[in-house]
Amino acid sequence: MNQYPNAGPGEPWHQPSGETPGWGLPPDPYQGGAMEVYGTTGGHQPAMPYPPADGDAPIGTIGEIAFSQHTVITPMGRFPIRGTVWTVNDMSRTERSTPTWAIIVTVLVFWWTCLLGLLFLLVKEQKTTGHVQVTVQGHGQHYSTSIMATHPAVASQIHQQVNYARNLA
């Protein structure tokens, strides 16, 4: 008795074919750029830097949006920064509360030191949740990104960056 099933019946993916198994071969072999040795350290660098240096290097990033003196660079493409409209929505929230450990210590210490244990209730914990949404619009394009707010200063920093980008627009 043969331990392998008959190749004839079964699902279509069990059928033998003349194609390469799996997902197939890549369409073209990798056409990477040539590498040049630089310096005396023996390191390598691309022969032609990517992206081509056109003198318009990014001077700031806000999430996935980068901006330079003359352009806005998003994952969807580039467009001029002149005439763009920048919008910031701060959807973060900071809460202050007494942590659980402070309540437990207050209850345990209160019985031995009377009112001195109540001082542990003055301990406060600050927790920031949410995100800040930044949107840039202009020249028929629109892109929005969200940045997680992990600290109250994150929103302030993003507002400063957007104001800088607005001055360039």
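**Strand β5 and its surroundings**

In this predicted model, Thr-74 makes contacts with Glu-64, Ile-65, Phe-79, Val-136 and Tyr-143, leaving aside residues up to four places away in sequence. Thr-74 belongs to strand β5, which spans residues 71-74. With a relative accessibility of 8%, below the 20% cut-off, Thr-74 counts as buried. A further point of reference is Ser-144: Thr-74 and Ser-144 are separated by 70 residues in sequence, yet their C-alpha atoms are 9.2 Å apart in space.

The burial of Thr-74 fits a pattern in the strand around it. In a regular strand, side chains alternate between the two faces of the sheet. In β5, Thr-71 and Ile-73 lie on one side, Val-72 and Thr-74 on the other, and all are buried, so that both faces of the strand are covered.

Strand β5 also has partners to turn to. Strand β4 (residues 65-67) is joined to β5 by two bridges, and the two run antiparallel. Here Phe-67 has Val-72 of β5 as its bridge partner, and a hairpin of three residues leads from β4 to β5. Strand β6 (residues 77-80) is likewise antiparallel to β5, with four bridges joining them. Ile-73 stands opposite Arg-78 of β6, and two residues lie between β5 and β6 in the hairpin that they form.

It is worth looking next at a sheet further along the chain. An open sheet is formed by three strands in the order β7-β8-β9, with antiparallel pairing. Strands β7 (85-97) and β9 (141-148) each have a single partner strand and stand at the edges, so one side of each lacks a neighbour in the sheet. On average, and ignoring direction, neighbouring strands of this sheet are turned by 10 degrees against each other. Helix α2 (residues 152-168) packs on the sheet and touches β7, β8 and β9, its direction making about 170 degrees with that of β7. Within the sheet, eight bridges join β8 (residues 125-138) to β9, the two running antiparallel; among the residues involved, Gln-137 has His-142 in β9 as its bridge partner.

Finally, the surface offers a nonpolar patch of about 1100 Å², made by Ile-103, Ile-104, Val-107, Leu-108, Phe-110, Trp-111, Trp-112, Leu-115, Leu-118 and Leu-121. One of these residues, Ile-103, lies in helix α1 (residues 100-113). Its relative accessible area is 41%, so Ile-103 counts as partly exposed, whereas Thr-74 is buried at 8%.

Technical notes:
Residues numbered from 1 in each chain as written. Predicted model: local features only at pLDDT ≥ 70, side-chain atom pairs only at ≥ 80, totals over all residues. Heavy atoms only, no water. Buried < 20%, exposed > 50% of the residue type's maximum accessible area, 1.4 Å probe, protein only. Contact = heavy atoms within 4.5 Å. Patch = residues over 30% accessible without salt bridge, like charges linked within 9 Å, V, L, I, M, F, W, Y side chains within 5 Å. Areas by Shrake-Rupley, 256 points an atom, 1.4 Å probe, with all protein chains shown as cover. Salt bridge = Lys/Arg side-chain N within 4 Å of Asp/Glu carboxyl O. Pairing = 2+ DSSP bridges. Axes fitted to C-alpha atoms, helices over the stretch in contact; angles between N-to-C directions.
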